[in-house]
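Thank you all for coming. I would like to walk through one structure this morning, going strand by strand before turning to the ligand.

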Amino acid sequence: MSRVVLVSNRVLDLRKAAQAGGVAVALADIVRTRPSLWFGWNGEVKEQEAEAVERDGRIVTIPLTPSEYERYYLGYANSVLWPVFHNRLDLGQFEAGYFEQYVGVNRRLAALLQPMLRHDDIIWVHDYHLIPFATELRKLGVGNAIGFYLHIPFPPWQTFMAIPEHEQLARGLAAYDLIGLQTKADVSNLIDYMANGVFGSIVPDGRIRLFDRLVRVASFPIGIDVADFAKAKRKGSLVQGRDMSRIIGVDRLDYTKGLPQKFKAFGQFLEKNPKYRREVVLTQIAPPTRENVEAYLDIRQQLESLAGSINGRFGELDWVPIHYIHRSTPRRRLADIYRSSRIGMVTPLRDGMNLVAKEYVAAQDADDPGILILSRFAGAAEEMREALIVNPYNIDGMADVIRIALEMGLSERRDRHKALMTAVEKSDVLAWCRSFLAALARVPGGPDDPASWQQPSKPIQAALQKLQHSGVRQTLGEGRAETATLQGS
Ligand code: GDG
């Protein structure tokens with residue numbers, strides 16, 4: 001079995017990864033269960049460029065310098081790519097000159113990783129921080145199969161073209177053999193961009209020819225560890241003391257998550273339905289992230305002010321309508337909160353997938369399940385059709401859907417939950433990992449491509465190289481010649 005080399009912006013301690021949830025759990029699972037190496041930033045910022053640190057032979061991390069943290073992480077990744085990929089061109093800081101350091105960090109990381117690579121490793125790079133990573137590896141002579149997975153949405157092609165460096169980013173994407181996206185809509189956006197923005201064309205085997213390379217683009221919807229959430233327990237004590245219905249929201253405090261719209265819709269629901277006052281609470285868990293980026297300060301202030309005004313307007317001595325918790329909650333407790341909530345409200349303005357939607361469904365009691373309200377702009381809406389699908393920009397419409405969810409009968413709730421659970425189980429996190437890695441191993445020239453089975457061992461390669469240099473024609477490697485041209489360019 002080939003070794004899998006995972007490269008992601010953040011690498012977590014394996015024990016902490018289990019508690020963190022989401023993708024970190026999946027990656028940590030790969031590292032535990034098959035030959036692998038996980039490489040990336042350890043989350044620390046140090047004055048001087050420091051050496052990579054290795055742990056257990058499987059985890060290799062480096063700290064960033066203050067300037068790299070400012071310009072690569074907070075800057076280009078989170079103040080240019082994140083807003084643009086979520087359709088927020090107005091927040092993109094295009095003139096700040098962050099691109100050079102974005103590429104610089106990718107170059108430095110690639111140079112650190114390259115000496116650790118083996119000829120048959122398959123390399124899986126994650127997310128928007130690392131788009132140029134494969135180009136930098138290719139420049140160092142790495143011919144291995146390299147896959148890229150984008151966890152966030154790919155925007156409409158004209159939006160992407162607004163990024164001044166869009167063509168360099170496209171060249172970065174073309175250096176991969178496989179690009180995985182969350183949804184079919186993302187695949188369609190990326191292919192539209194490749195065709196209209198940088199003259200890519202589809203070849204007969206379905207790959208895209210782009211800047212003289214061939215790349216496969218496909219959707220691999222990410223999932224969760226279903227069993228982990230199915231262990232959840234309903235706890236009455238989690239809802240303000242008496243029999244009351246809870247609506248739960250769990251989102252990083254990010255302007256893409258539609259939190260002000262959710263609060264306004266709940267306020268509107270209370271306004272229109274006085275009989276539900278004192279009967280329903282909205283609990284919003286919104287742990288802080290990227291607090292050093294200005295747009296994140298704005299959203300925090302906006303949310304605190306909205307929660308204050310709705311609670312001030314409707315609240316009673318024994319009932320606070322909105323519980324707003326700006327802290328992280330332990331993962332174990334999250335599952336119990338999901339199960340104790342009548343409604344899961346997941347209403348981002350734009351989201352690659354949204355794992356909370358899947359976690360909420362997996363944590364429900366199949367005999368008496370709650371209802372998921374889901375934004376049509378979350379990637380999850382492509383698979384989770386039996387949720388109550390809403391437009392988060394339509395506040396009044398969302399207010400009505402809250403009432404519909406609260407009044408839905410048991411049999412409809414069960415039917416919807418059953419169908420949703422089937423979808424969540426079908427594409428769980430294991431299926432996601434396996435399908436991506438299998439597709440990457442199959443790319444022409446990858447370890448499962450019959451053409452590469454003839455690849456000579458290292459000593460033979462060295463001998464062949466000597467012969468080649470002395471002018472003797474290499475015959476054994478001929479079968480791979482075409483693939484090598486495509487991959488190496
Ligand atoms: C990106 C894409 C895509 C949240 N608060 C707490 C907590 N969480 C956990 C949730 C969930 C994860 O964090 C969040 O995942 P999401 O999918 O909702 O969103 P992003 O963080 O934006 O992730 C997204 C994802 O990548 C995967 O590809 O779905 O579209 O934006 O697992 O449960 N966990 C704990 N305490 C909290 O307070 N323990």
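Let me begin in strand E10, where the bridge partner of Leu-181 is Ser-219, and let me say at once that we are looking at a predicted model. That pair belongs to a longer arrangement, in which E7 and strand E10, residues 213-219, pair in the parallel sense over 4 bridges. E7 also pairs with strand E6, residues 146-149, and here 3 bridges join the two strands, which again run parallel. Within that pairing, Gly-147 stands opposite Leu-178 in E7. As for E7 itself, residues 178-181, both of its faces are covered, since Leu-178 and Gly-180 on one side and Ile-179 and Leu-181 on the other are all buried.

Now please move along the chain to strand E15, which spans residues 371-375 and includes Ser-375. Strand E14, residues 343-346, is joined to E15 by 4 bridges, and the two run parallel, with Ile-343 standing opposite Ile-371. How many of the residues of E15 are buried? The count is 5 of the 5, so the strand is largely enclosed by the rest of the structure. Looking at the two sides separately, we find Ile-371, Ile-373 and Ser-375 on one and Leu-372 and Leu-374 on the other, all of them buried.

Ser-375 deserves a moment of its own. Its relative accessibility is 0%, and because buried means under 20%, this serine counts as buried. Leaving aside residues up to four places away in sequence, Ser-375 touches Val-346, Thr-347, Pro-348, Ala-381, Val-390 and Pro-392. With one of these there is also a polar approach, as a polar atom of the Ser-375 side chain lies 2.7 Å from the backbone oxygen of Pro-348.

Let me finish with the ligand. It is surrounded by 25 residues, of which the closest are His-151, Thr-329, Asp-351, Leu-355 and Glu-359. By class, this shell has 12 nonpolar, 8 polar and 5 charged residues. Turning to individual atoms, a nitrogen atom of the ligand is 3.2 Å from an N or O atom in the side chain of Ser-328. On the backbone side, an N or O atom of Met-353 lies 2.8 Å from an oxygen atom of the ligand, and for a backbone N or O atom of Asn-354 the distance to a ligand oxygen atom is 2.9 Å. Taken alone, the ligand exposes 730 Å², and the protein buries 88% of that. Finally, the elements that give two or more residues to the shell are helix H12, 331-339, and helix H13, 355-362.

Methods
Residues are numbered from 1 along each chain as its sequence is written. This is a predicted model: local features need pLDDT of at least 70, side-chain atom pairs count only at pLDDT 80 or more; totals for chains, interfaces and linings use all residues. Side-chain values use heavy atoms; hydrogens and water are left out. Buried means under 20% relative accessible area, exposed over 50%, partly exposed in between (1.4 Å probe, protein chains only). A polar contact is a pair of N or O atoms within 3.5 Å; within protein, one must be able to donate a hydrogen and the other to accept it, and residues adjacent in sequence count only if both atoms are side-chain atoms. Contact means heavy atoms within 4.5 Å. A residue is near a molecule or strand if one of its heavy atoms lies within 4 Å of it. Accessible areas come from the Shrake-Rupley method with a 1.4 Å probe; for residues, only the protein chains shown count as cover. Ala, Val, Leu, Ile, Met, Phe, Trp, Tyr, Cys and Pro count as nonpolar, Asp, Glu, Lys and Arg as charged, and the others, Gly among them, as polar. Two strands pair if DSSP finds at least two bridges between them.
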